[in-house]
Amino acid sequence: MTITNDDKDRHQNRCEKMEVNDNNLRSQYTIGSNDFILVDEVGERPKKNVKEKFHEFSSCLNSNSKTVFTYKTITKRLPILQWWPTYTTADCIGDLLAGITVGLTLIPQSMAYSALAGLPPQQGLYGSFVGSLMYVFLGTCKEVPMGPTAIVSLMTYNTLHGLGPVYGTLLCFLTGVIQLLMSIVGLGFLIDFISGPVNSGFTSAVAILIVASQIKDLIGIKAAGTTLLDMIISISKDINHFQLGDTWLGIICIVVILLLRRMALYQIGPKDVKEQTTFHKIMNRSMWLIGTFRNSIVVIVSSYVGYVYITSTGHDVTSSEIPPIPFKVVGKIPSGLPDFDLPKFSITRDNGTTVGFFEMVSNIGSGVIVLPIIALIETISICKTFADGKPVDATQELMATGLCNIGNSFFHAYPGSGSFSRSAVTAASGVRTPMEGLYAGILVIVALLFCTPYLYYIPKAALAAIIIAAVIFMVEVRVVRPIYRSKKSDLIPGLATFFACLVLPLEIGVLIGIGLNLVSILYHAARPKLLIEVHKTRDGINYLMVTPDRCLVFPSVDYVRNLVMKQSLKRELPVVIDCSHIYGADFTAAKVIEMLTQDFSKRGQALFFYNLKPSVVAVFEGVQPKGFITYYHRHDLDQLFQRWKHQRQQMENSSAD
């Protein structure tokens, strides 16, 4: 920080109005406070003409463009360049096993989540390979498996309102574009405004909504709705038409999935791996594999049951008719990979009218803004979970997720993100690098090329069971007690988000939770804590030391002024405001400080400001306050009080005369 002699003289004349030699003044300013948070130049900056400003801007642009193409920046934006040079055969084997494991989980989940989004099953498969392949090059977290997820799928359903696959692809493209733009302008910090309680409330509400949305397929009825009340009303209207075959099949699938999940967590033999025999290790590994492949096992077995039923009836699977069996099946799925094509930015209705791009976006609604943020939160949460204390590059993850969604939109997919359930499988499978996404994506491609005829026989109740068994563990009941013990007020935004997401559209529920967080932040900004103590100088003069704990801005300055006035009138002592923690101020604060100094001056009561940052002094000087006195060394306080007592005695003598 540099302060000229003119600045010192101006500060001496305007603020202290007392005789101080240049040496003392220079010492006060150059030593000042050692814990400055903001460093500003108080002196006036030389003015520049348009030509000089343009030259400065072009130089800055040229410098920034050079840094973009440096090796450090390129490796940061293409993380594969950081780990690929050291990629080994052991890494390849670990990633291959993890990729196959995740791929076998991804195929049935993507079809189930696509149905949850209200879209054809193949659209979930279309969004399960391109994003996985792209994340290999762009992702920073090896445990993140890109693809359809339960939360994003439900958000997609609530956003589209049955508009169809074309709108789903456009939503995927717009989600990716918004995420990419957010990464370019550095808006990754927005996720910091969503606190843990709000995130837990949102996740728990989504889990309940997902379970409610899958009841229709679980019992074989027709139902719809975006809120919990709508779903309950819709289910109650058609509950009389429930299918016993779907119900029994769905319940059996849920029980089997939960038992296999339990098997994956169970271990025989000693808990310490070093003490286990070879038999114990083989059995534990086998049980883990069987439990991990539980979704694929349920799909394969239930599909075989569907195949046996359908073939026994002699039904023609190439027709569009529903098979005459006790439960519903997925039906025909287009074979092969999807065509590479741009999302449709306009569509033609059956009556010949054209729906333009802006009308399509208007039909999608506000979900096009909220969904990208929710998808990012899900991905970042996974990265933080498996970061092991390392920093997470939210900007890079935002860019990676955005580009993956843009790439998926060219293959008729709907929005996706990192998946919590699959990330746990990835980590437990011994993944080494993000290369596992390559093998998982290849497995999905193989399924699309060669296995689609067999996907016809998958019962819808089995897919509903997979979703229900996956999301019931997302209800975060266990976090309520720690939040209550830690800080009870944090339950307010969490519970408000939970109930708002249940009874209102999801995007509104999330905004309510974020709004409550912001209100809490603004309340604390408007009500800073003040430490008020009675101190005594070396000369025996008692004074009131008031220490605010944060900066003075317009929401808080009146509150601080009222407290200072109240305490000063109550104790009738001189007041010293310790400004060590005040690192910023605005015009409103300066005007209030001006009124405060005037009030103290009229009463003949001393008011001094200790350790005020020069940048804040410059703000206060802008309104030219009278009687504004600041100091930077505690021993100067004695001189100020002696001067104040002398002036007060002179005023009393003059009034007596």
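In this predicted model, Arg261 lies over the face of Phe473, at 3.7 Å from the ring centre. A second charged side chain is placed in a similar way over a ring: Lys488 lies over the face of Tyr484, here at 4.8 Å from the ring centre.

Rings also pair with one another, and the structure holds 19 aromatic pairs. One of them joins Trp84 and Tyr87, whose ring centres are 5.3 Å apart. Their planes meet at 20°, which is under the 30 degrees that sets the limit for stacking, so the pair is stacked. Trp84 counts as partly exposed, at 46% relative accessibility, while Tyr87 counts as buried at 18%.

Another pair has its rings set edge-to-face: the centres of Phe345 and Phe357 are 5.7 Å apart, and the planes stand at 70°. This pair links distant parts of the chain, 12 residues apart. Phe345 belongs to the loop between helix 15 (294–313) and strand 2 (347–348), whereas Phe357 is in helix 16 (residues 357–364). Phe345 is partly exposed, with a relative accessible area of 34%, and Phe357 is also partly exposed, at 26%. Both rings are members of one aromatic cluster, together with Phe129, Phe173, Phe340, Phe358, Phe410 and Phe411.

The structure holds five salt bridges. Three of them are listed here with the closest N to O distance.

| Acidic residue | Basic residue | N to O distance |
|---|---|---|
| Glu143 | Lys142 | 3.0 Å |
| Asp217 | Lys216 | 3.3 Å |
| Glu594 | Lys591 | 3.2 Å |

The partners in these bridges can be described by their cover. Glu143 is buried, with a relative accessible area of 6%, but Lys142 counts as partly exposed at 28%. In the bridge between Asp217 and Lys216, both residues are buried. Glu594 counts as buried at 13% relative accessibility, and Lys591 is partly exposed with a relative accessible area of 35%. Glu594 and Lys591 both belong to helix 27 (residues 587–603). They are three residues apart there, so about one helical turn separates them.

On the surface, Ile239, Phe242, Leu244, Trp248, Ile252 and Val256 make a nonpolar patch of about 580 Å². Trp248, one of these residues, has its place in helix 13 (residues 244–265). Its relative accessible area is 53%, over the 50% cut-off, so Trp248 counts as exposed.

Helix 28 (residues 614–621) is a contrasting case. Six of its eight residues are buried, so helix 28 is largely enclosed by the rest of the structure. The buried residues are Pro614, Ser615, Val616, Val617, Phe620 and Glu621.

These details belong to a protein chain with 29 helices and nine strands. The chain has 657 residues, of which 49% count as buried. Among its contacts with a separation of 6 or more, 77% are between residues 24 or more positions apart. The protein chain exposes about 33,200 Å², and carbon and sulfur atoms supply 62% of that area.

Definitions and conventions
Residues are numbered from 1 along each chain as its sequence is written. This is a predicted model: local features need pLDDT of at least 70, side-chain atom pairs count only at pLDDT 80 or more; totals for chains, interfaces and linings use all residues. Side-chain values use heavy atoms; hydrogens and water are left out. Helices (H or I, at least four residues) and strands (E, at least two) are DSSP runs, numbered from the N terminus. Buried means under 20% relative accessible area, exposed over 50%, partly exposed in between (1.4 Å probe, protein chains only). Contact means heavy atoms within 4.5 Å. Accessible areas come from the Shrake-Rupley method with a 1.4 Å probe; for residues, only the protein chains shown count as cover. Rings of Phe, Tyr and Trp (its six-membered ring) pair if their centres lie within 6.5 Å; planes under 30 degrees apart count as stacked, over 60 as edge-to-face and the rest as tilted. A charge sits over a ring if NZ of Lys or CZ of Arg is within 6 Å of the ring centre and within 35 degrees of the ring normal. Patches are made of residues with over 30% relative accessible area and no salt bridge: like charges are joined within 9 Å, nonpolar side chains (Val, Leu, Ile, Met, Phe, Trp, Tyr) within 5 Å. A salt bridge is a side-chain nitrogen of Lys or Arg within 4 Å of a carboxyl oxygen of Asp or Glu.
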